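Welcome to a short set of exercises on one protein chain. Keep the sequence and the structure open side by side, and try each task before you read its solution.

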Amino acid sequence: MPEFHPGDWVEDAVDWLQKHLGWLFDFINTVLTGLYDRINDVLGGGEALLMAGIFAVIALWLRGALAGVVTFAGFALIDSFQLWDQAMETLSLVLAAAVITIVIAVPLGIWAARSKAFSAFVRPVLDVMQTMPAFVYLIPGVMFFSVGTTPGLLATIVFSMPPGVRMTELGIRQVDSELVEAAEAFGTSPKHTLTRVQFPLALPTIMAGVNQVIMLALSMVVIAGMAGAPGLGERVYAAVTQVQVGLGVESGVGVVILAMYLDRMTGALNARVSPLGRRAAAKATAAMGRMKFVRYRPGTAVALCGVVVLALVAGGMNLAGGDGDKSVAGTDVGKGKQINMGYIPWDEGIATSYLWKEMLQERGYKPNLKQLDPGPLYSGIARGDVDFQTDAWLPTTHAQYWDKYGSKMEKLGAWYGPTSLELTVPSYVKGITSLADLKGQGKKFHGKIIGIESSAGEMKILKDKVLKEYGLEGEYKVVSSSTSSMLAELKRSIAKKEPVVVTLWSPHWAYNAYDLTKLKDPKGAFGKGEKLYSVARKGFSQDDPTVANWLKNFHLSDQQLTSLENRIQQAGEGKEQDAVRAWLKKHPGFVDKYAPVPGQKKDGRDAGKAVKMGYFPWDEAIATTYLWQNVLEDRGYRPSAKQLDPGPLFTALAQGQMDFQTDAWLPTTHAQYWKKYKSRSTDLGPWYDETSLELSTPEYVKGIDSLADLKGKGDKFDHKITGIESSAGEMKILKTVLKKYGLDKEYKVVSSSTSSMLSAVDRAVKQKKPILATTWSPHWVYSKYPMKKLKDPQGAWGKGDEIHVTAKKDFKKDFPELYGWLKNFHMSEKDLGSLEAAIQAGGKGKEKESARKWLDSRPGLVDKLAPVG
């Protein structure tokens with residue numbers, strides 16, 4: 001039988017649908033999330049016990065006093081578990097899904113009851129919907145709507161719809177045909193026969209269907225927690241994957257309470273809305289005699305008044321209390337902005353995610369943290385529904401996800417590395433120290449290797465490469481489970497001193513908790529160590545540069561990571577945030593170091609001193625001068641900046657009229673000034689290396705790639721070279737360059753200014769005309785315009801300069817703190833280019849403001865350039 005793999009077709013079909021019907025999926029997403037959000041705003045908006053009182057009043061109205069008391073006690077228990085918000089999220093999902101399901105299912109059931117053809121058609125469809133494994137419904141939801149509320153709602157609607165349709169059809173078909181015929185005989189229209197005869201009599205059966213819809217919806221929203229749907233399902237999923245028995249029991253009890261409440265209330269609702277039900281309830285009450293007060297149920301008006309009063313009190317308390325905000329005014333960077341985070345339930349992922357959740361909260365953000373498996377997590381980041389995650393193992397473990405979604409994500413830097421993947425056995429298992437030693441020892445381990453999540457890259461490497469490389473296929477079966485299940489199995493085996501081989505990795509707290517042996521990998525089958533990256537959705541750095549830069553500068557040592565993991569392990573289930581807070585208390589200054597507040601001012605030792613800076617109008621001089629003006633203001637200095645030509649500026653420094661400048665090109669460009677004034681000046685060293693001077697021309701000027709190519713081509717450029725300031729050293733060197741290449745009589749150098757030269761380049765490029773200009777590197781001209789540097793095969797320009805900070809003679813004595821800062825000042829070509837570009841974009845007269853914005857988008861840079869304390 002030939003192989004047949006329709007998977008590629010399905011992938012292509014999904015891509016086509018996402019590309020061409022994205023508007024439809026966006027509309028569905030908006031409707032579903034909008035409905036859920038509105039319901040959740042109502043249920044989650046009030047104080048917990050007052051909302052429990054409202055549920056109790058509804059129970060009192062529907063079932064009586066005992067039901068009201070039990071309802072209040074049940075919901076109070078949920079609140080005592082600290083699961084109120086999650087319970088209301090689950091209830092909101094159930095109600096939203098049930099409303100949509102009933103609106104669709106009841107009309108379909110009526111249609112099926114009135115049309116045998118439609119009934120025959122819809123029955124197998126309902127069979128598929130009802131028997132298909134519930135997990136399958138999450139796949140299309142995640143593919144088209146990513147992670148979160150919408151996939152869970154869609155899966156819930158599909159899974160819970162069949163009983164609604166079937167019970168509606170059954171109820172209407174069971175109405176006595178003689179009653180229907182009698183109604184028709186008296187001239188009742190089909191519409192009124194349905195609404196006045198069939199539907200009222202079928203209502204008990206239909207309500208039973210509604211009850212089943214709600215029960216199935218509740219069971220499904222728990223499963224939907226795997227796809228990031230909020231609520232108790234998310235907590236149950238976390239408990240399962242992390243083997244947190246206590247959290248699982250508490251969350252499970254919460255689900256049971258909701259299930260019992262919904263079941264009893266929907267069942268009792270039938271007695272309220274159905275004439276037959278009301279008569280049966282009245283007979284049951286009358287039969288109780290003197291005990292009928294037990295079944296007392298207030299009238300609808302009384303119950304409604306009670307609900308309204310409690311709702312008004314709950315809403316008023318909510319308004320009066322307002323939202324708590326942990327951040328103080330000076331550190332409220334986020335201003336309540338929501339950040340969506342995801343994490344894989346691996347220890348370092350849990351630790352760093354809760355760490356960043358706490359730090360973001362302290363900085364005024366509202367982080368929303370979801371646990372997901374790797375596939376849904378990377379899919380969610382690629383679609384933009386998750387902003388970032390901190391546990392990307394690259395380039396190997398998560399390679400399959402990076403290969404698929406990498407173009408829709410951005411790396412924010414590695415915070416730990418190198419790591420290692422390995423198989424591990426307890427140290428009491430003698431004679432097994434290498435992967436090669438496992439061969440022939442399968443019986444000792446019952447032929448099993450205890451693995452982690454099947455979606456993990458390590459599992460793929462183990463199955464596809466490691467077992468083959470060491471000839472272990474057939475002898476060992478890799479058992480997929482979860483990280484927590486693997487650790488639980490390891491703990492059980494060690495307690496019984498039984499042999500066990502598990503998949504593990506470094507760093508991991510298990511090596512501190514247990515005496516384990518990492519099995520050597522002499523063939524290198526697991527590959528080289530990896531790094532742990534923070535990765536974000538595409539565009540996150542532009543949308544929130546502050547958080548992005550925090551993540552780029554984030555690093556944890558092995559000691560810091562393992563101590564944080566151990567603290568979380570010791571705290572127990574559901575207390576990760578408390579553990580992080582306790583860890584941060586033992587690491588003072590950690591938040592300020594890795595999440596510094598932009599523009600936060602700390603005075604330097606010499607705060608209050610006036611500092612005179614000079615600069616000439618070259619782009620790197622303008623950029624660095626205004627950068628330092630902002631930095632010095634943040635440190636309490638009183639800086640001023642003045643523009644001068646190179647000659648007057650070097651003279652002013654030598655005379656002590658200026659304190660420092662940042663743009664001395666040495667040893668060549670400014671050699672004439674330095675030779676003259678160096679005895680009365682101070683060189684603080686270079687902050688930028690490998691500059692170059694050059695002539696450049698647009699790339700569309702063909703055949704001109706070198707200075708030698710200019711010979712005989714003067715007509716093409718009108719015999720002109722557009723220069724810069726006549727006082728610039730480059731202009732003096734250019735005369736020598738022209739002589740060396742025999743161009744001095746063919747070309748005339750036109751002195752102007754840097755800005756005039758750039759304007760000429762701009763005009764020429766727009767008109768696609770040839771131009772020959774004096775330029776240098778680094779310069780943003782090469783990024784903005786298609787300019788090429790002309791090669792200098794004879795080395796006439798000389799070696800590249802370094803850009804130095806130079807100052808007056810007594811600068812170190814007058815400004816010892818600032819001297820140290822400038823001495824250690826360095827900028828990369830990338831940073832300098834982006835700063836110059838930011839100033840260019842800001843426009844003339846706004847250099848300082850543009851530099852300020854650039855600086856604020858790089859939190860921590862002020863502390864790096866000008867450390868205090």
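**Exercise 1. What covers the buried residues of α27?**

Before you start, note that this is a predicted model, in which local features need pLDDT of at least 70, side-chain atom pairs count only at pLDDT 80 or more, and totals for chains, interfaces and linings use all residues. Residues are numbered from 1 along each chain as its sequence is written, and side-chain values use heavy atoms, with hydrogens and water left out.

Step 1. Find the helix: α27 spans residues 646–654. Helices (H or I, at least four residues) and strands (E, at least two) are DSSP runs, numbered from the N terminus.

Step 2. Pick out its buried residues, where buried means under 20% relative accessible area, exposed over 50% and partly exposed in between (1.4 Å probe, protein chains only). They are Pro646, Gly647, Leu649, Phe650, Ala652, Leu653 and Ala654.

Step 3. Look for their cover, taking a contact as heavy atoms within 4.5 Å. The cover includes strands β11 (610–615), β13 (660–666), β14 (681–688) and β20 (802–808), together with helix α28 (671–677).

Step 4. Conclude: seven of the nine residues of α27 are buried, so the helix is largely enclosed by the rest of the structure. Just after α27, you will meet Gly656 with a positive phi of about 80°.

**Exercise 2. Describe the two faces of β8 and find a pairing strand.**

Step 1. Locate β8 at residues 502–506; five of its five residues are buried.

Step 2. Sort them by side: Val502, Leu504 and Ser506 lie on one, Thr503 and Trp505 on the other, and both faces are covered.

Step 3. Turn to β5 (residues 420–426), which pairs with β8 in the antiparallel sense over five bridges. Two strands pair if DSSP finds at least two bridges between them. Across from Val502 in β8 you will see Thr424.

**Exercise 3. Compare an annotated segment with the model, then place Val99.**

Step 1. Begin with the record: the unreviewed UniProt entry annotates "transmembrane region" at several stretches, among them 48–78 and 90–114. Such annotations may be inferred rather than shown by experiment.

Step 2. Check the model: residues 90–114 are 100% helix and 0% strand, with end C-alpha atoms 36 Å apart. Over residues 48–78 the chain is 97% helix, and the end C-alpha atoms are 9 Å apart.

Step 3. Place Val99 in helix α5 (residues 84–114). Val99 is partly exposed, at a relative accessible area of 43%.
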